[in-house]
Amino acid sequence: MKILSERLIELRKERGLSQATIAKDLGVSLGIVCYWEQNKSDPTAPNIAKLAHYFNVTADYLLGLE
């Protein structure tokens, strides 16, 4: 999902976070976060929920539905 990768990059940069920090905080590998941002892999539903909670946004926002 291109929109999800774009929004993830935007949110991360706005908050001054590294990919490694997000990976550690969410309990996923750094490679997974890199893949999400490069649009090579989509996060699972539980990981979308974790990302939404982490960034205090809705899953709909991350998915480009709002």
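Which side chain meets that of E6 in a salt bridge? I'll start there, and keep in mind that this is a predicted model.

The partner is K2, with N and O 3.4 Å apart. Both residues sit in helix α1, which covers residues 2–14, and because they are 4 residues apart there, about one helical turn separates them. On exposure, E6 has a relative accessible area of 40%, so it is partly exposed. K2 is exposed, at 55%.

In total, the structure holds 3 salt bridges. Two remain to be described.

Next, R12 and E37. Their closest N and O atoms are 2.6 Å apart. This pair links distant parts of the chain: R12 belongs to helix α1, E37 belongs to helix α3, residues 30–37, and the two positions lie 25 residues apart in numbering terms. Are these residues buried or exposed? R12 has a relative accessibility of 12% and counts as buried. E37, at 9%, also counts as buried. The cut-off used for buried is under 20% relative accessible area, so both values qualify.

The remaining pair is E14 and R15, whose side chains form a salt bridge with an N to O distance of 3.6 Å. E14 counts as exposed, with 54% relative accessibility. R15 counts as partly exposed, at 40%. The cut-off for exposed is over 50%, so E14 passes it and R15 does not.

As general background, side chains of opposite charge can pair when their charged atoms come close.

To recap the pairs: E6 with K2, R12 with E37, and E14 with R15.

Definitions and conventions: Residues numbered from 1 in each chain as written. Predicted model: local features only at pLDDT ≥ 70, side-chain atom pairs only at ≥ 80, totals over all residues. Heavy atoms only, no water. Salt bridge = Lys/Arg side-chain N within 4 Å of Asp/Glu carboxyl O. Buried < 20%, exposed > 50% of the residue type's maximum accessible area, 1.4 Å probe, protein only.
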